[in-house]
Amino acid sequence: MLTELIKLGLSEKEAKVYLAALELGAQTAQEIAKKAGVNRATTYVILQGLMKKGLASSFTKAKKTYFAAEPPEQLDHLLRKQEEDIFEHRRDLEKMIPELRAVFNHA
């Protein structure tokens, strides 16, 4: 599964943290880090990134912050976002091609 998550655009550490959070359920960053085999401080940064991607969430209980993986179906949203980004890049490139061609022909 790690390889497949990387193919979807997650870094190796993001994939490890996501899988650990998925397996553990709501847990502290320290416990997720231990399960993922990633440094605790790095795990906090990764969890923040996963939350921005919609793949994790957090809540506070008794002055402790807990993190949880979002359901695997959220990965589909991540992939759709990447598709949208690629479509926009392609559209931008199509607009630039005439200008680039003019530079190429001039040279």
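In this predicted model, helix H3, which spans residues 29–36, packs against helix H4, residues 40–52, at an angle of about 105°, and the axes of the two helices lie 9 Å apart. Because angles of 65 to 115 degrees count as roughly perpendicular, H3 is placed roughly perpendicular to H4. On the H3 side the contact is made by Ala29, Gln30, Ile32 and Ala33, while H4 contributes Arg40, Thr43, Tyr44 and Leu47. Sorted by class, the residues of this contact between H3 and H4 comprise five nonpolar, two polar and one charged.

Helix H3 also packs against helix H2, residues 12–24, here at an angle of about 115° and with the axes 8 Å apart. H2 and H3 are therefore roughly perpendicular to each other as well, and their crossing is right-handed. Lys16, Val17, Ala20, Ala21, Glu23 and Leu24 of H2 meet Glu31, Ile32, Lys35 and Ala36 of H3 in this contact, whose residues divide into six nonpolar, no polar and four charged. Ile32 of H3 thus appears both in the contact with H4 and in the contact with H2.

The aromatic side chains come next. A search of the whole structure finds two aromatic pairs, which are set out below.

| Aromatic pair | Geometry | Centre to centre | Between the planes |
|---|---|---|---|
| Tyr44 and Phe67 | edge-to-face | 6.0 Å | 80° |
| Phe59 and Tyr66 | stacked | 5.5 Å | 15° |

Tyr44, already named as a residue of H4 in the contact with H3, is paired with Phe67 in an edge-to-face arrangement. Since Tyr44 belongs to helix H4 and Phe67 to strand E2, residues 64–69, this pair ties together parts of the chain that are 23 residues apart in sequence. The two partners can also be described by their accessibility: Tyr44, at 35% relative accessibility, counts as partly exposed, whereas Phe67, at 2% relative accessibility, counts as buried. Buried here means under 20% relative accessible area, so the value for Phe67 falls within that class.

In the stacked pair, Phe59 is joined with Tyr66, their planes being 15° apart. Phe59 is partly exposed, as its relative accessible area is 37%.

Technical notes:
Residues are numbered from 1 along each chain as its sequence is written. This is a predicted model: local features need pLDDT of at least 70, side-chain atom pairs count only at pLDDT 80 or more; totals for chains, interfaces and linings use all residues. Side-chain values use heavy atoms; hydrogens and water are left out. Axes are lines fitted to C-alpha atoms, for helices over the stretch in contact, and angles run from 0 to 180 degrees between N-to-C directions. Helices (H or I, at least four residues) and strands (E, at least two) are DSSP runs, numbered from the N terminus. Angles under 35 degrees count as roughly parallel, over 145 as roughly antiparallel, 65 to 115 as roughly perpendicular and the rest as oblique. Contact means heavy atoms within 4.5 Å. Ala, Val, Leu, Ile, Met, Phe, Trp, Tyr, Cys and Pro count as nonpolar, Asp, Glu, Lys and Arg as charged, and the others, Gly among them, as polar. Rings of Phe, Tyr and Trp (its six-membered ring) pair if their centres lie within 6.5 Å; planes under 30 degrees apart count as stacked, over 60 as edge-to-face and the rest as tilted. Buried means under 20% relative accessible area, exposed over 50%, partly exposed in between (1.4 Å probe, protein chains only). A crossing is left-handed if the near helix is turned anticlockwise from the far one by less than a right angle, and right-handed if clockwise.
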